[in-house]
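Subject: Structure handover

Dear colleague,

Here is the structure that I promised to pass on to you. Please open it beside this message, and then read the notes that follow.

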Amino acid sequence: MEQIKIFAPATIANVSCGFDVLGLALDNVGDEMTIKKVAQKGVTITKIIGQDLPLETHKNVAGVAALALLAETDSEFGFEIEINKRIKPGSGIGSSAASSAGAVWAINELLGKPFGKTDLVRFAMEGERLATGVAHADNVAPALFGGFTLVRSYEPLDVININTPSELYATVIHPQIEVKTSDAREILRTTVSLKDAIKQWGNVGGLISGLYTEDYDLIGRSLEDHVIEPIRSILIPAFDSVKKNSIKAGALGCGISGSGPSIFALSKGEETALKVGEAMKAVYNKVGIEYDVHVSKVNKEGIKILE
Ligand code: HSE
């Protein structure tokens, strides 16, 4: 195999209660990437379609992640990467993570799979470090593993793939403003009160239990964030109305997707997820904010081969 074309999914990080540890992959939103094995060593970004992003390997998240992988091999080959950027940077659905994860996943395939998924997460995290200043794994882990993932520990890295109930759908609305993850992290407090921590870890446990037992009501009750959302929601236009309308339309829960500005909701079944999308749109139509909406099943596979 000399060349591979892949789909690298968008992801929702945090999933309300799990800041920096929980994430899920989307099914129909993502980047397309073509990775070619070539004789000349090193990594070259040959083309980026759709967004104005750096082609220099050291300034590109896919390039940096690929170099991190190659540094741990004695590969005789080099790799050329072409990216069709379908996920807008700064949208809060793991744009940098998709490209980083896609690059390392494809190179691993072309090398005959010398690395396991947790190693690939570790390499892709270097792309996140470049993009946001922090090597968080809650977007790259679901992109690589598929479904829901939990980063149980960063040191040592321990990523767990969580059961994904089949009827779980995500609705995401992206108001057309850009929020840089680095800015959205800067405004956070560095300490949490014991009272809030108790609520938060109760919800993380509840969400994981709900996902395994496929108890949709428990999943809904657990989609609460007492730590990050109260601070970050001020960056997102009409956040409270979008959340209120989504729940009213039948969503199990609703919160900030990653560092925003996208807002996500989870629903049982596609019909409800579509209704939730309409309810979200109604809010932004009223206040005159442009948006994109995605309705997607949770993607259990992660990255997929297209050609
Ligand atoms: N956990 C990260 C954050 C995700 O919320 O800053 C960024 O997409």
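**The ligand and its shell**

The shell around the ligand takes at least three residues from domain 1 (3-162 + 300-305) and at least three from domain 2 (168-297), with the bounds coming from an automatic or database domain assignment. This is a predicted model, in which local features need pLDDT of at least 70 and side-chain atom pairs count only at pLDDT 80 or more, while totals for chains, interfaces and linings use all residues. Residues are numbered from 1 along each chain as its sequence is written, and side-chain values use heavy atoms, with hydrogens and water left out.

Among the residues that surround the ligand are F19, H136, T181 and S259, each counted if one of its heavy atoms lies within 4 Å of the ligand. By class, this shell holds 2 nonpolar, 6 polar and 4 charged residues, where Ala, Val, Leu, Ile, Met, Phe, Trp, Tyr, Cys and Pro count as nonpolar, Asp, Glu, Lys and Arg as charged, and the others, Gly among them, as polar.

Which atom of the ligand does D138 approach with a polar side-chain atom? It is a nitrogen atom, at 2.6 Å, whereas a polar side-chain atom of N14 lies 2.8 Å from an oxygen atom of the ligand, and an N or O atom in the side chain of R232 is also 2.8 Å from a ligand oxygen atom. Taken alone, the ligand exposes 260 Å², of which the protein buries 97% (accessible areas come from the Shrake-Rupley method with a 1.4 Å probe).

Both N14 and R232 also appear in the lining of the largest cavity, which divides into 3 nonpolar, 3 polar and 3 charged residues.

With best wishes

Methods
A polar contact is a pair of N or O atoms within 3.5 Å; within protein, one must be able to donate a hydrogen and the other to accept it, and residues adjacent in sequence count only if both atoms are side-chain atoms. On a 1 Å grid over the protein atoms alone, a cavity is a set of points where a 1.4 Å probe fits but cannot get out, and a pocket is an open set with protein on both sides within 12 Å along at least five of seven lines; lining residues have an atom within 4 Å of a point.
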